[in-house]
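Colleague: I want to learn how to read a model like this one. Can we go feature by feature?

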Amino acid sequence: MMAILQTPEREQEVRGLAEAPHHPARRRKTPYQGAARGFIAPGVLLVAVLLYLPLLWTTFLSFTEYNGLGDPEFVGLDNYVEMFTDPSFVGSLMNTLLWVGGTLLIPVGIGLALALLTWNLPGGIWLRLPFLIPYAVSGIGVGVIWSFILSSNGALDQALAVIGITDPPRWLVDAPLNTFVMIIAAAWQGVGVNALLFTIGLQSIPKEPLEAARVDGATGVRLFTSILWPMLRPLTAVVVGLSIVASLKTFDIVLSMTKGGPGRASETLALTMYRETFVNSDYGLGSAIAVFLSIVTLLASVLYLRQQLSKKHEM
Amino acid sequence: MSRILRTTVLVVLGVVWLLPVYLLVINASKSPATFTSTEAWIPTDFSLFANIADAMQLSGLSDSVVSTLTYAVVSPIIAVVVGAAAGFAIVALRLKHGFLWFVVIFGGTVFPLQMVLLPLFDAYSRVGLYDTQVGMIIVYTAISIPFSAFVMRNFFTGVAHNVFEASVLDGASTWRIFSRIYLPMASSALVAIFILQATFIWNDLLLGLTLSQSDDVRPIVTTLAGMQSTYGGAQMSTVLAAAVLVSLPTVVLFLFTQKFFARGLALGQY
């Protein structure tokens, strides 16, 4: 859900009363251990009770047969076997992979392009604004807007009719087309924040190498490939990691636009999990999907967590 | 690329990007009587406020607005203080094994929300928190804490430790040092966290869908989703008006606080 991105300059500016950070290992403990435990207790307690306990319970339930009534019955790996042999789960998995790929190509790519275009441009802040507005809209809000645009004979079809296309595809009905158009809707929402992140990254690039490169006559593509791109690499890892993790959890746009249909043709893993659990009351299977989703998310998180951890060591 | 070319490209793209917003606004403004989806691109009349009033009435949206506003304000405030207290314990009071405790708190966000939905639903039903505002506030607070602790730990790490030592020499208690010196000093970071978490909570669907059902407890986005699926007896223009109502607060907040957003994003981000 969360990622980490520190640009050294920004950090320093935010800190205010900055001094060189202490190395954790060299810190001496203060005599306030009792008070310290008191200060950290509320946070640890809330997180433990509302996040960790449920996490363990879901993991346990994934090995059981349970419908909410009576007691969970231990069935070993049955749910996982059932999961992978169910063709609609496999379809849901493929859709999720489409989401991951599409979200990487479109919003991350356009986001980077926008950041480069607005970089050092007078009024760049204002030119970025139209792309930031959709980011603040909820997934359901985005779904409502795009369902309206893409409905049969809706705004898009009317626009196409003007240029002579009178038999447009059924955007939200035909699979996998419906997944593609939903990825576009998600991209419409997500481009702005990626652009903002890349902008922060560009602003934190030290001036000297840039000046040097300019003096040497590097501009345009050359400047990008030999200076900007390598220097943006840590940030790119973060943006890519974030995008993957977010797309793995795609839920509200799909729920709003197709409900995973027709049939289950456009379902994503998050939606399948929700349906198995809260619609079919198959708690064991739903939990197994949640566990699978978590493992994949964790693996993807390693992409940007590694980035963060390596920074920690430097400190 | 020349400045003019870059600006032109950006303006054209920006206009394209705003087309869905344009369509939303003009169609949400059509009165249900004149609304025809065959002329989606042409504005007809301006009944946006009448449509919003209809939406509020038809689907209990007005109750949702009030409760969602409560969640989006109360939970981040608690989370910001709890997170700051954790950061303070680790950095200023130098809690033993502080980094380990930090990882414990922060690790709570690494897993997808799907992992906690069912047990929370189950447990909430058993202890009477299901479909209550208190229950919603508690869960929104808990999921906001890790991010808050993360940012605040980072922030306090940059504060010279002799600020703490000087306060101790002045005879201040740890609580006083926290509430009178460390918290005020961190106000900009606190605001950044608050805005990000408030936006996140306002836009939440999954927890609302899972842990609530009645109009006065359900978060607003969940109500909008419900309206859309059945149209709640509402016309398309009413649903679109509801979408405008649901989206406006976060868009306005976002545009007015871009600076804090950028800062929050730079510190640790969604």
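Modeller: Yes. Keep in mind that this is a predicted model. Start with the record: for chain A, UniProt lists "transmembrane region" in an unreviewed entry at residues 36-57, 97-117, 129-149, 180-202, 223-248 and 283-305.

Colleague: What percentage of helix do residues 129-149 and residues 223-248 of chain A have?

Modeller: Set the annotation beside the coordinates. Residues 129-149 of chain A are 71% helix and 0% strand, with end C-alpha atoms 22 Å apart. Residues 223-248 of chain A are 100% helix and 0% strand, and their end C-alpha atoms are 34 Å apart.

Colleague: How do I spot a helix that is not straight?

Modeller: Compare its span with the straight value. Helix α10 of chain A, residues 220-248, has 29 residues. A straight helix of that length would span 42 Å at 1.5 Å a residue, but α10 spans only 34 Å between its end C-alpha atoms.

Colleague: Where does α10(A) bend?

Modeller: At Arg233(A), by about 55°. A proline, Pro234(A), follows within four residues.

Colleague: Next, the backbone torsions. Which residues of chain A have a positive phi without being glycine?

Modeller: Asn153(A) has a positive phi of about 60° and is not a glycine. Asn153(A) sits in the loop between α6 (139-150) and α7 of chain A. Lys259(A) also has a positive phi, near 55°, and is not a glycine. Its loop runs between α11 (252-257) and α12 (269-279) of chain A.

Colleague: Is Asn153(A) buried, partly exposed or exposed?

Modeller: Asn153(A) counts as partly exposed because its relative accessible area is 40%, and that class runs between 20% and 50%.

Colleague: And omega? Which residues does the cis peptide bond join?

Modeller: Ala175(A) and Pro176(A), with omega about 0°. Pro176(A) lies in the loop between α7 (155-162) and α8 (177-203) of chain A.

Colleague: Now chain B. How many helices and strands does it have?

Modeller: Chain B has 13 helices and zero strands. Of its 270 residues, 59% count as buried. Its C-alpha atoms fill a box of roughly 75 × 65 × 30 Å along the principal axes.

Colleague: How do I read a surface patch on a helix?

Modeller: Look at the spacing in sequence. An α-helix has 3.6 residues a turn, so residues three or four places apart point the same way. Here, Val11(B), Val12(B), Val15(B), Val16(B), Leu19(B) and Tyr22(B) form a nonpolar surface patch. Together they have about 470 Å² of accessible area. Val11(B) belongs to helix α1 of chain B, residues 3-28. Val11(B) counts as partly exposed because its relative accessibility is 40%.

Technical notes. Residues are numbered from 1 along each chain as its sequence is written. Chains are lettered from A and ligands numbered from 1 in the order in which they are written. This is a predicted model: local features need pLDDT of at least 70, side-chain atom pairs count only at pLDDT 80 or more; totals for chains, interfaces and linings use all residues. Side-chain values use heavy atoms; hydrogens and water are left out. Patches are made of residues with over 30% relative accessible area and no salt bridge: like charges are joined within 9 Å, nonpolar side chains (Val, Leu, Ile, Met, Phe, Trp, Tyr) within 5 Å. Accessible areas come from the Shrake-Rupley method with a 1.4 Å probe; for residues, only the protein chains shown count as cover. A salt bridge is a side-chain nitrogen of Lys or Arg within 4 Å of a carboxyl oxygen of Asp or Glu. Helices (H or I, at least four residues) and strands (E, at least two) are DSSP runs, numbered from the N terminus. Buried means under 20% relative accessible area, exposed over 50%, partly exposed in between (1.4 Å probe, protein chains only). The expected span of a helix is 1.5 Å times one less than its number of residues. The bend at a residue is the angle between axes fitted to the seven residues ending there and the seven starting there. UniProt positions are given in the numbering used here, feature names are shortened, and annotations may be inferred rather than shown by experiment.
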